[in-house]
Every structure is written in C-alpha cells, then in structure tokens.
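The report below covers one helix, one pocket and the confidence that goes with them. Please read it with the structure open.

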Amino acid sequence: MKLEVSCQHKYQGDYVRHITRILKKLPKDVKEDICKNCVVFMPGKEHGYYCYKTNKEIIILNWFAMQVDKISLKQIRYTIAHEFAHYILKHKNLTGEEEILSVEHEKEADDLATQWGFPPDEKYKLRHFRVSQ
C-alpha cells in the first residue's frame, strides 16, 4: 500500500524518500492505516500541520519553510513522524479556546514520534511548538 503524496517542488523525489523511510520504521498496522486514510500535501505556512477532513486526513508539510529555517534532517524526519502521530492519536483541529488541550496534543504527538524512533533535534526543541499550532 502506498501513501498518496502531492508535491509541486523540484526536489519532490527527495521528500518522498524521507516520508518513505519513516513509514518503513512504523509498526505495520500504523503504516497501513496512514497509507489508507491520509494524503500528504507539500505546501503550507508552518513546517507541518495536521488537518481533519471527513473522507481523508490531510497532512501538510512545507518543505520550503524547512529549507528556509535550515532545519536538520533529524528535525525533518521528526516533523513528518510528529504529524503522522497526530493522525494516529485522532487529534482534531482545535480552536483558540482549547489552547491547553492543543499543548497536550503536541506533547502526545512528540512522545509518539519519539517512541517510533524520531525524536526532535535538541537545538530545535525550544522552537518546536510552532510546528502544528
């Protein structure tokens, strides 16, 4: 089973390889669930963003922002795993009044991404909460 990826970037192949590497390290049932029910788009404002839709889950990864911010390969892989974790944890988009729950969701996604073997880059950790808020 293959994950649907939509990218308009000249380095699309490199980015798809990063996503593929992460999927290979995930538990089989998690990988199959993500491939069946998610689509990855590569535009966006933040490094990563999880968004719930009724028929497919949409994960947006902004490779341009990652390049501009010069984040490490470790952080790129963490960001991808972190956004997959939001899906597996069934997090939904939150409104402003649910900010405390949003911080809790970020921590849960961090913990799951780390459990899968993709911890955040320590030098980026202090800035990381802008990843999907």
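In this predicted model, Gln75, Ile76, Tyr78, Thr79, Ile80, Ala81, His82, Glu83, Phe84, Ala85, His86 and Tyr87 of helix α4 are buried, so that 12 of the 16 residues of α4 are covered, where buried stands for under 20% relative accessible area. The length of α4, residues 73-88, can be checked as well: at 1.5 Å a residue its 16 residues should span 22 Å, and because the end C-alpha atoms lie 23 Å apart, the two values agree. Just after α4, lysine 90 adopts a positive phi of about 60°.

Confidence varies along the chain, whose mean pLDDT is 78, with 71% of the residues at 70 or more.

| Element | Mean pLDDT | Place in the chain |
|---|---|---|
| strand β3 (residues 48-51) | 61 | lowest |
| α4 | 92 | highest |

Over residues 128-133 pLDDT stays under 50, although the model gives this stretch 27 contacts beyond four places in sequence. Where pLDDT is low, the predicted coordinates should not be read in detail.

The second largest pocket has a volume of about 180 Å³, and of the 11 residues that line this pocket, Lys2, Leu3, Val16, Thr20 and Leu23 are the closest to its centre. Both α1 (12-25) and α2 (28-37) supply at least two residues of the lining of the second largest pocket, with the largest share, five residues, coming from α1. By character, the lining of the second largest pocket divides into seven nonpolar, one polar and three charged residues.

Key. Residues numbered from 1 in each chain as written. Predicted model: local features only at pLDDT ≥ 70, side-chain atom pairs only at ≥ 80, totals over all residues. Heavy atoms only, no water. Helix = DSSP H or I, 4+ residues; strand = E, 2+ residues; numbered from the N terminus. Expected span 1.5 Å × (residues − 1). Buried < 20%, exposed > 50% of the residue type's maximum accessible area, 1.4 Å probe, protein only. pLDDT = per-residue confidence, 0-100. Contact = heavy atoms within 4.5 Å. 1 Å grid on protein atoms, 1.4 Å probe; cavity = no way out; pocket = protein on both sides within 12 Å on 5 of 7 lines; lining within 4 Å. Points joined across faces, edges and corners; volume = space filled by probe spheres on them. Nonpolar A, V, L, I, M, F, W, Y, C, P; charged D, E, K, R; others polar.
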